[in-house]
Amino acid sequence: MRHFVNKPAFLLALVIFIAACGSSTSPATDPPAGSYTATSFMTSGTGGQRNELLAGGSLQLNLNPDHTTTGHLHVAASSSSPVLDADMAGTWTVNGNVVTISQTADTFVRDMQFTLSLDPATGYVLVGNRIFSGTQIQVTLSRISYPYLPS
């Protein structure tokens, strides 16, 4: 018994299969995906301006290709506020050039929209700027690594 193969359909399926396999060096499809660290983190309000990084603070945020987030926020104590440590576990979405983080930790990160911009050195930066109860928070997150899809 002879079997016939629809050659155009077979070739199309083969091309799709090969493209889907990729390799370990194929970049993730979402441009914002990657590991970010705060390179600028300023707060200002009635008590003055404070460089949170120089005060001992940090923000590490990983935007995983599956749209989950991991990382850590540390804000050093000040005369009016205790130390803040928060887990950045959650999810992220992108709409145009705006990245939004959803998470259970009650921090400014989940209430701030981050603008995605190209940066010649790191590829991308996320910039957020918003006023919360009279305190302005300005943060720039620079991408320090870029994820790759598994083969």
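Here is a quick briefing on the fold, the core, the hairpins and a few individual residues of this chain.

What you're looking at is a predicted model. The protein chain has one helix and ten strands, and the helix comes at the N-terminal end, with the strands following one after another. Confidence is decent on average, with a mean pLDDT of 83, but one stretch, residues 8–28, drops below 50.

**Overall picture**

- Going from the N terminus, the order of elements reads α-β-β-β-β-β-β-β-β-β-β.
- The chain has 151 residues, and 31% of them count as buried.
- Its accessible surface adds up to about 9,100 Å², with carbon and sulfur atoms accounting for 58% of that.
- If you take contacts between residues at least 6 apart in sequence, 46% of them join residues at least 24 apart.

**How far to trust it**

- The mean pLDDT for the protein chain is 83, and 77% of the residues reach 70 or more.
- Residues 8–28 have pLDDT below 50, yet in the model this stretch still has 19 contacts beyond near neighbours in sequence.

**The nonpolar core**

- The largest nonpolar core holds 26 residues, and L59, F108, F114, V139 and L141 have the most contacts inside it.
- Seven strands each put in at least two residues: strand 1, strand 3 (58–63), strand 4 (68–75), strand 7, strand 8, strand 9 (123–132) and strand 10 (135–145).
- As background, nonpolar side chains in soluble globular proteins tend to be buried together.
- L59 is a good place to start poking around: setting aside neighbours within four places in sequence, its contacts include Y36, A38, L73, M88 and V109.
- L59 also touches F108, V139 and L141, which sit alongside L59 on the list of core residues with the most contacts.

**The aromatic pair**

- Searching the whole structure turns up one aromatic pair.
- The partners are F41 and F108, in a tilted arrangement with 5.7 Å centre to centre and 50 degrees between the planes.
- F41 belongs to strand 1, while F108 is in the loop between strand 7 (98–103) and strand 8 (113–119), so the pair ties together parts that are 67 residues apart in sequence.
- Both F41 and F108 are buried.

**Strand pairings and hairpins**

- Strand 1 (residues 34–45) pairs with strand 2 (residues 48–51) in the antiparallel sense, over four bridges.
- Two residues make up the hairpin connection from strand 1 to strand 2, and T43 stands opposite R50 of strand 2.
- Strand 8 and strand 9 are also antiparallel, with five bridges.
- The hairpin of strand 8 and strand 9 has three residues between the strands, and D119 has G123 in strand 9 as its bridge partner.
- Strand 9 then runs antiparallel to strand 10, joined by eight bridges, including the one where R130 partners I137 in strand 10.
- The hairpin of strand 9 and strand 10 has two residues between the strands.

**Positive phi outside glycine**

- For context, most residues other than glycine have a negative phi.
- S133 is not a glycine but has a positive phi of about 45 degrees, and it lies in the loop between strand 9 and strand 10.
- S133 is exposed, with a relative accessible area of 84%.
- H67 has a positive phi too, near 70 degrees, and its place is in the loop between strand 3 and strand 4.
- H67 counts as partly exposed because its relative accessibility is 26%, and partly exposed covers the range between under 20% (buried) and over 50% (exposed).

**Two strand residues worth a look**

- S142 is in strand 10 and counts as buried because its relative accessibility is 10%.
- Beyond neighbours within four places in sequence, S142 is in contact with S35, Y36, T37, T39, T122, Y124 and V125.
- L84 lies in strand 5 (residues 84–87) and counts as partly exposed, at 33% relative accessibility.
- Not counting residues up to four places away in sequence, L84 touches L73, H74 and V75.
- L84 and G57 are 27 residues apart in sequence, with a C-alpha to C-alpha distance of 9.1 Å.

Conventions: Residues are numbered from 1 along each chain as its sequence is written. This is a predicted model: local features need pLDDT of at least 70, side-chain atom pairs count only at pLDDT 80 or more; totals for chains, interfaces and linings use all residues. Side-chain values use heavy atoms; hydrogens and water are left out. Buried means under 20% relative accessible area, exposed over 50%, partly exposed in between (1.4 Å probe, protein chains only). Contact means heavy atoms within 4.5 Å. Two strands pair if DSSP finds at least two bridges between them. pLDDT is the predictor's confidence in each residue, from 0 to 100. Rings of Phe, Tyr and Trp (its six-membered ring) pair if their centres lie within 6.5 Å; planes under 30 degrees apart count as stacked, over 60 as edge-to-face and the rest as tilted. Accessible areas come from the Shrake-Rupley method with a 1.4 Å probe; for residues, only the protein chains shown count as cover. A nonpolar core is a set of buried Ala, Val, Leu, Ile, Met, Phe, Trp, Tyr and Cys residues joined through side-chain atoms within 4.5 Å.
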